[in-house]
Each structure stands twice: as C-alpha cells, then as structure tokens.
Amino acid sequence: MHSALARTGLRAAGRSLQRSQRRNMGDGPFTDAMHVKKNKYVEEWNGRREITEKAFTVNPNNLFSLVLCCVVIPYGVYDMTRRELVSKGDPRYKRSGLA
C-alpha cells in the first residue's frame, strides 16, 4: 500500500516538473519598439507635483484665494445646510439637542 502511494506521488511530481510554468515578468510577446517611452513633460509635472508642499509659499498675491477656498466657501456650505435643516424641521436636527 505504501509503495503504491509513493509511486503515485513520484508520478505526480514528475508531471509537475514537465509542465512548469514559464514566467516572463510581464514582458509577454512584445518587441522593444512596443515598450513605453517616457514623456519629458509628464515626468517634469510629476516631479513638481511631488514637491508642491516644499515649493508652496503664501504671499499677498495668493492669500485671498487661499482664504476664500479654505474658509469662506466651506463655512458658507455649512451655514446654508444648517439653515435648511432648521427651517425644514429635520428630525436629525431636532434629536441633536441644538434646536
């Protein structure tokens, strides 16, 4: 009984060695002319995007738009939605204890 199992295991191992999978690391049947070519403008944009926090400075020229986008517009959206909840008598607003 043990020898039959051993022979079966050896046969299965031999078959798996014969059918080993070839891996080309994603190359496939492509020639060198079909590979991706880098675009220098895209690479430059990507490099500048990575260092934006280091290159960004606040000065009088961009201060107004910065305050507008980061403070005024979000507060305006909050105030409009809060007023709508209060005026419509929304149950979520009533349960919150603020009404």
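Reader: Happy to dig in! What percentage of the 99 residues of the protein count as buried?
Author: Please keep in mind that this is a predicted model. A residue counts as buried when its relative accessible area is under 20%. Of the 99 residues, the share that counts as buried is 4%.

Reader: How much surface does the protein expose, and what share of it do carbon and sulfur atoms supply?
Author: The exposed surface of the protein comes to about 9900 Å². Of that area, the share supplied by carbon and sulfur atoms is 60%.

Reader: Which kinds of secondary structure make up the protein, and in what order do the elements run?
Author: The protein has five helices and zero strands. Read from the N terminus on, its elements therefore follow the pattern α-α-α-α-α.

Reader: Which element has the highest mean pLDDT?
Author: For the protein as a whole, the mean pLDDT is 79, with 63% of the residues at 70 or more. Among the elements, the lowest mean, 61, belongs to helix 1 (residues 2-18). The highest, 94, belongs to helix 4.

Reader: Does helix 2 lie largely in the open or is it buried, and how many of its residues are buried?
Author: Helix 2 covers residues 40-50, eleven residues in total. It lies largely in the open, because the number of its residues that are buried is zero.

Reader: Which residue reaches a backbone nitrogen with a side-chain oxygen at the start of helix 2?
Author: The backbone nitrogen belongs to Tyr41. A side-chain oxygen lies within 3.0 Å of that nitrogen, and the residue that provides it is Asn39.

Reader: Which residue forms a salt bridge with Asp79, and is that partner buried or exposed?
Author: The structure holds one salt bridge. Its closest N and O atoms are 3.1 Å apart. The two residues are four apart in helix 4 (residues 60-88), so about one helical turn separates them. The partner has 57% relative accessibility and therefore counts as exposed: Arg83.

Reader: How are the planes of the aromatic pair arranged: stacked, edge-to-face or tilted?
Author: A search of the whole structure finds one aromatic pair. Tyr75 and Tyr78 form it, with 5.9 Å centre to centre and 45 degrees between the planes. Because planes under 30 degrees apart count as stacked and over 60 as edge-to-face, this pair is tilted.

Reader: Which of the two, Tyr75 or Tyr78, is exposed?
Author: Tyr75 and Tyr78 are three residues apart in helix 4, so about one helical turn lies between them. Tyr78, with a relative accessible area of 47%, is partly exposed. At 52%, the exposed one is Tyr75.

Reader: How much accessible area does the nonpolar surface patch with Val58 have together?
Author: Val58 sits in the loop between helix 3 (52-55) and helix 4, and its relative accessible area of 49% makes it partly exposed. Other members of the patch include Phe56, Leu63, Phe64 and Val77. Together, the members of the patch have an accessible area of about 900 Å².

How values were computed
Residues numbered from 1 in each chain as written. Predicted model: local features only at pLDDT ≥ 70, side-chain atom pairs only at ≥ 80, totals over all residues. Heavy atoms only, no water. Buried < 20%, exposed > 50% of the residue type's maximum accessible area, 1.4 Å probe, protein only. Polar contact = N/O pair within 3.5 Å; in protein donor to acceptor, adjacent residues only side chain to side chain. Salt bridge = Lys/Arg side-chain N within 4 Å of Asp/Glu carboxyl O. pLDDT = per-residue confidence, 0-100. Patch = residues over 30% accessible without salt bridge, like charges linked within 9 Å, V, L, I, M, F, W, Y side chains within 5 Å. Areas by Shrake-Rupley, 256 points an atom, 1.4 Å probe, with all protein chains shown as cover. Phe/Tyr/Trp six-rings, centres within 6.5 Å; stacked < 30°, edge-to-face > 60°.
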